[in-house]
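You asked for a colleague's reading of this model before you take it to the bench. My comments are set out below as numbered points.

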Amino acid sequence: MGQIYFEAGSQQFHIQGENSSYIMHILPSGELGHLYYGKRIEHQADFSQQFAPYNYGMSRDIFPLDDSAALDFVALEYPTYGTSDFRQPAIEVRQCNGSRIVKFVYESHQIEKNKQPIEAMPSAFGTDETVITLTIYLTDAVTKLRLALSYSLFMTGDVITRHAKIENNGVESVQLLRFLSMNIDFDTKAYDMMTFTGSWIRERELEVAPLRRGIQSISSSRGASSATANPFFVLKGHHTTDFHGEAYGFNLMYSGNHVGQVEVTPYDQARVQQGVNYFDFNWELAPNTSFQSPEVAIVYTADGLNDLTQTYHDFYREHMINQYWVKKERPILINNWEATYFDFDETKLLELAKKAKAVGVELFVLDDGWFGHRDSDNSSLGDWYYDPKKLPYGLKHLVDQITDLGLQFGLWIEPEMVSPDSDLYRSHPDWIICVSDRTPTQGRNQYVLDFTNNEVVDTVYEMIAKVIRESGDISYIKWDWNRPLTEIGSLQLPPQKQQEVAHRYVLGLYRFYNHLMNDFPHLLVEGCASGGSRFDGGILAYSPQIWASDDSDAVERLKIQYGTSFCYPLSTIGAHVSASPNHQVHRTTSLKMRGDVAFFGIFGYELDLTMLSEGELTEIAAQITMYKSYRQLIITGDFSRILSPYDSNETAWSVVDKSKTKAIVGYYRTLAPAYKLPTRIKIPQLQPEMIYTLKGTKRTYRGDELMNWGIELNLVLFEELGILGQMSGDHVSLILAFDCITR
Ligand code: DGJ
């Protein structure tokens, strides 16, 4: 059970989880210093002996008896620039007189059960039993700025969420040039940094590099959390693996421009920071107003990267994702995008739906192209009324027909966008993100709507809500976003607020989502942004699942799903079986491999079922039956990485249920090896003394045998499983399912 201590004598705070300790102290100068973050330490009233100020010849008043110590050598909680700390600050403020100097000193603190939500932004939630929060208040005597640093300790996995709030209690406005969510100073650089960067159809690629002196960072300036850099990174010991060793995770739960950085000094200290990107950011903080940062979720583990992953997965499932959806079995869907693109009519859709129903699909999703006169990506975004050419009897008629078949109905929208060729743009050309004296750049032939303007958000919201209300039974929405923000500016905001636009845009996005969730609390919203360009904790608070990538090729998906699941649970990862040859990379893979990859996510199909043979449809029906019997395990179980697609041509992962009675393992081999011995995989997370049967065979194993010795993937096994013929050549896969027969 976690606790938070404050020791008045030593002026120290100790956030103590079951497995971790986070220790801070108030320096004699009143500033907040950092002492330790790592493996749990028994509480003591005073850890001062661990701390010695360094005398490097600066005259700061940090220590009464030593006026020559510099802040540069002190580990700090929320540093400022300009008073002898020369590293990157967590906050930058400019006063009317041009001064950028602030010094925050301790004022008070409070420790309370549970936590407050962050205004206008999604944040983690808990109960009196599951969370404790420490808030430390600090003030700057000159500007009268008051800073509140919040640390919430979640009992699940010792996750600490942090965010900061600043109030202007002075009489003049100040410019907030940087306001990060967190800062941690480590006294060593002996870590590798793991990042998840990429691009469209290549999202969340894992890169690992040792820390080196200077600043290493990930960031987005695209108006969304982006495919280019997911707001998640890890620092791990050089020898840490998936199964052993120390690691720290940092995950900003925010959907806009962000930065995560580590600055290693010439003295080999490492300063770790994360928050809203300070590039192109400037918030005017008027007297009597406040500003809050988004929240960051920090995890420490001593037990390897799989443990870090499982902690994040549990945290998201218990404290961030809408509890209505989190354990609900999500419907298996058919999406018409890769089946028809823009070329469809009611008859074609119904044919696809009938085939889908026959194989066991549960939800039919009508993608882009149902509205305005949208026969290509050249028009109609913003005109959210059905196209009478494609749907002559109306959208409701189609919804009724589909639901009469026994399928649920889902609809695609892209509410943040407008096409130049649209009624909405023609009547409100000033409603787009732009600057007044430049031609706005088009992306995919469209503009971004100015979501800093509540009138724009509310007008578009009303149009979409009307479609949902009037179309009968729409139970699912796919929310897309297909271009980044450029010429970032708003025609409704004054010049001094133009660098607030990127953040205000995200607040507008959350405003829209809040309306939608309030009015339609049981609507399932799947996030999407050209695939996985906005896959973050902020969106997950509203969209329990996100289309992970427009790349639906099974081989490419191995890396995409591997990278995504490092932080985000399988229950959030939209994964579909699509056509072969694949439409993105033109690779040919078997239906089996495509199914076996998509299986480890929120499963669906996105291909023209009417073009498939009876044999293929029978295989799909079997895949669906199989997924249905494992989907509870997939969305609630413990996921582990076993073999990495970055290390060889083999990938393997597993999911084990919390009671350790059921396990499934996915194994994938992309290119056939020549003359090699069979691969052996060890299956983690089982109960050592339990006996497990391997489905499809007569084999039984003890848990410790599977965990420590493993199972060899050899010809004898394939023969027993009846898949010998499928296991040669390129792009092969298998799923092993284990059931416990004794306790
Ligand atoms: C991008 C999405 O990621 C696709 O799945 C599809 O919905 C298209 N947009 C439609 O324009």
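The points below concern a predicted model, and they take up two serines, one helix and one sheet in turn.

1. The serine at position 490, S490, sits in the loop that runs between strand β26 (474-479) and helix α8 (501-519). Although S490 belongs to a loop, its relative accessibility is 3%, and because buried means under 20%, S490 counts as buried.

2. The side chain of S490 has two polar partners that deserve a look in the viewer: one polar contact, of 2.6 Å, joins it to the side chain of D450, and another, of 3.3 Å, is made with the side chain of T452. When neighbours within four places in sequence are left aside, the residues in contact with S490 are C434, D450, T452, Q498 and V501, so that D450 and T452 appear here as well.

3. The second serine, S733, is placed in a strand, β38, which covers residues 732-742. S733 is likewise buried, its relative accessible area being 2%, and its side chain makes a polar contact of 2.7 Å with the side chain of D596. Not counting residues up to four places away in sequence, S733 touches K592, M593, D596, Y667, Y668 and M727.

4. Does the length of helix α4 agree or disagree with what its residue count would suggest? Helix α4 (residues 346-359) has 14 residues, which at 1.5 Å a residue should span 20 Å, and the C-alpha atoms at its ends are indeed 20 Å apart, so the two values agree.

5. Within α4, the buried residues are E346, L349, L350, L352, A353, A356 and V359, a list in which a glutamate stands beside leucines, alanines and a valine. These buried residues pack against β21 (333-335), α3 (337-340), β22 (363-366), α5 (395-404) and α12 (614-636). After the helix comes G360, which has a positive phi, near 110°.

6. Towards the start of the chain, four strands form an open sheet in the order β1-β2-β3-β4, and their pairing is antiparallel. Strands β1 (3-7) and β4 (32-39) stand at the edges with a single partner strand each, and therefore one side of each has no neighbour in the sheet. From one strand to the next, the twist averages 15°.

7. For the edge strand β1, the pairing can be followed in detail: β1 and β2 (residues 12-16) are joined in the antiparallel sense over five bridges, and E7 is found opposite Q12 in β2.

Terms used:
Residues numbered from 1 in each chain as written. Predicted model: local features only at pLDDT ≥ 70, side-chain atom pairs only at ≥ 80, totals over all residues. Heavy atoms only, no water. Helix = DSSP H or I, 4+ residues; strand = E, 2+ residues; numbered from the N terminus. Buried < 20%, exposed > 50% of the residue type's maximum accessible area, 1.4 Å probe, protein only. Polar contact = N/O pair within 3.5 Å; in protein donor to acceptor, adjacent residues only side chain to side chain. Contact = heavy atoms within 4.5 Å. Expected span 1.5 Å × (residues − 1). Pairing = 2+ DSSP bridges. Axes fitted to C-alpha atoms, helices over the stretch in contact; angles between N-to-C directions.
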